[in-house]
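Let's take a walk through this structure together. Keep the 3D view open and follow along as we go.

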Amino acid sequence: MGQNERVTFGSKLGVILATVGSAVGLGNIWRFPYMLGENGGAAFLLVYFICILILGLPVMLTEFFIGRHTHRNAAGAFKAMVPGTKWSLIGYNGVLAAFLILGFYCVIAGWTLEYIWQSVTGGMHGKGADQFKLEFETFSTGVVRPIAWTILFLGLTHVIIVSGVKNGIERASKVMMPLLFLIMAVLCIRSVTLDNAAEGLAFLFKPDFTKLDSSVILSGMGQAFFSLSIGMGCLITYSSYFNKQTNLQTTALQVTVLDTLVAVLAGVMIFPAVFSFGIAPTAGPELVFITLPNVFGQLPFGSLWSFIFFVLLGLAALTSTISLHEVATAYVHEEHHMSRGKAALLVSLGVLILGTISSLSFGVLKTYTVMGLTFFDLLDYVTAKIMLPLGGMMICVFVGLRVDRKILKAELTNEGTIPFYFFNTYAFFMKYIAPIAIGVIFLNELGLIKWMKGFF
Ligand code: TRP
C-alpha cells in the first residue's frame, strides 16, 4: 500500500482522542491500583510519576517522530529508515509484545463484560465484602464463563479492526472519555467519604521509602510504559496516521497528562474503599473487581452506577485493544502482503489461544507456573517489565544514534512552523538519560549493581 492511500485521522480532536483512547484503559483503572497495592503504595506512585516524566514523555515523542516521519507500521518504519539493518528488531519486538499483551488484556476486558451482565441482572445487590470476593473468585476460576467473555471481547475488537469503523470509535470517544471522568469523580467522592478513608489516602499519597526496592522501581517503570502505550510501536503505528498539521509536542503532553490523571483518579476511587471494607491492598489482579462493588453498594441506584461504570470501562478497554490489535494487523497486512481481513483473523486466532490459556491460569492451570508466575502473570511480566522498557530504550538509542538532529527537529516542529523551546532538553533526555536510566533499572533488578559494588 502506497503512502498516499493510507487513511489519516479525520480531525485534530480525532487524533488526540484515538491516542488517548489507546493510552487510557485497563492499565489505568485495573493495573495501576493492583500494582500500587502490591508495591507498597505511595513510594510506587512516586517512581511511576518520575518514570512518566523522564522516560514516558521522551519515548512517546520519539515514537511520534518515527511514525509520522515514515508513515509505516511498527516494523516497517525501521525498515524504511535504515533498510537492511538489525534495527527492525525493535519493530518485531513491538509486534510480538502487542500480541502477548492482547493475550492477557482480553481476559480482564472480558471480566468487565461479566460485571455489566451482573449489574443488569441485579446480582450485585445487598451483599457484603466477603461475598463479593467469593463470588468473584468462583467466576474467575471457572472455565466456560470467563473464556466466553474473553472471546466475546476479542470478537468485538476483531469486528472493529476489519470493518474499519474507527470513525465511529473516534466519535464515541468524544462522549465516552468525559463521561468516564465524570463517573470516576463521583466514585472518588463516595470513596473518600467512607469510614477509614484517610488510611487509604495515606497509603496512596504518603510514601514509605523503606518500601523502595529494585522490584518496586521496575514495576513503576513497567507501569509507566504500559499505561502510556509506549515501547512497542503502538504510538508509531498511530502517529503514522497523523497528518502534517498535527502538533506532536502538545499531543504527547495532553495524552500523558490525561492518562496520568485517570490513573490517579482510579487510585483515589479504589484505596479509601479498600481500607474501609477491609480488603487486602495486595489482592492482585482481582483488587478493583472485588473493591468496586462495595462502593456501588453504598450509592443510591448502585446497580445503575455499576452498569454505567463498567460499560465505560469496557469501552476504554476496547479502544486500547483496538490499538494493540492494529499494531499486529498492520504489520502482517503491510509487511506480509496479506489482505487486511486475513491478517486480522490470523492475529485474532493467535490471541484467542493465548487468552484461553491466560483465563484458565486463574483456575485449573493455576499450579502451572514458571519462576512462580502463572501464564497470565508471565505474559504481563515479560511484556510490561521487560519488552516495553527494552523497546523504549532501543527506540531512543536508535533515534539518538541514527537520526540527524535537523530531521528530528524539523518533524517535531512541523518544518519549523511551531516552536520547540525544550528541544535540547528533550534530545538530551532521549539520547542519554532515558536509555541509561532504563539500563540501570534492569541491572539493578538483576542484582548486578549490588554484585558489582562488591568489587569496590
Ligand atoms: N495503555 C493501555 C492501557 O492502559 C494498554 C495498551 C494499549 C498498551 N496499547 C498499548 C500497553 C501498547 C502497552 C503498549 O490500558
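Start with a pair of helices and the side chains between them: I54, L55, P58, L61 and T62 in helix 3 touch Y426, F429, M430, I433, A434, A437 and I438 in helix 18. Sort the residues of this contact by character and you get eleven nonpolar, one polar and no charged. Before going on, bear in mind that what you're looking at is a predicted model.

Now zoom out to the two helices themselves. Helix 3 covers residues 42-70 and helix 18 covers residues 423-445, and their axes come within 9 Å of each other. How are they angled? The axes cross at roughly 120 degrees. An angle of 65 to 115 degrees would count as roughly perpendicular and one over 145 as roughly antiparallel, so helix 3 and helix 18 are oblique to each other. As for handedness, helix 3 passes helix 18 in a left-handed crossing.

Next, find helix 13, residues 287-297, and look at its packing against helix 14, residues 302-335. Their axes sit 8 Å apart, at an angle of about 140 degrees, which makes helix 13 oblique to helix 14. On the helix 13 side, F289, L292 and F296 do the touching, and they meet G302, W305, S306, F309 and F310 in helix 14. The tally for this contact is six nonpolar residues, two polar and no charged.

Helix 13 has another packing partner to look at. Helix 6 (residues 129-140) packs with helix 13 at an angle of about 140 degrees, with the axes 9 Å apart. Here again the angle means the two helices, 6 and 13, are oblique to each other, and their crossing is right-handed. Helix 6 brings A129, F132, K133 and F136 to the contact, while helix 13 brings F289, I290, P293 and N294. You'll recognise F289, which also takes part in the contact with helix 14. What is the mix of residues between helix 6 and helix 13? They divide into six nonpolar, one polar and one charged.

Time to visit the ligand. There are 17 residues around the ligand, and A23, G27, Y105, F226 and S229 come nearest. Which atoms pair up? A backbone N or O atom of A23 lies 2.9 Å from an oxygen atom of the ligand. From Y105 the partner is in the side chain: one of its N or O atoms is 2.5 Å from a ligand oxygen. A nitrogen atom of the ligand, meanwhile, is 3.1 Å from a polar backbone atom of S227.

One last stop is M81, which lies in helix 4 (residues 74-81). Setting aside neighbours within four places in sequence, M81 is in contact with F65, I66, H69, T70, F398 and V403. Compare that with G110: M81 and G110 are 29 residues apart along the chain, and their C-alpha atoms are separated by 39 Å.

Notes:
Residues numbered from 1 in each chain as written. Predicted model: local features only at pLDDT ≥ 70, side-chain atom pairs only at ≥ 80, totals over all residues. Heavy atoms only, no water. Axes fitted to C-alpha atoms, helices over the stretch in contact; angles between N-to-C directions. Helix = DSSP H or I, 4+ residues; strand = E, 2+ residues; numbered from the N terminus. Parallel < 35°, antiparallel > 145°, perpendicular 65-115°, else oblique. Left-handed = near helix turned anticlockwise from the far one by under 90°. Contact = heavy atoms within 4.5 Å. Nonpolar A, V, L, I, M, F, W, Y, C, P; charged D, E, K, R; others polar. Near = heavy atom within 4 Å. Polar contact = N/O pair within 3.5 Å; in protein donor to acceptor, adjacent residues only side chain to side chain.
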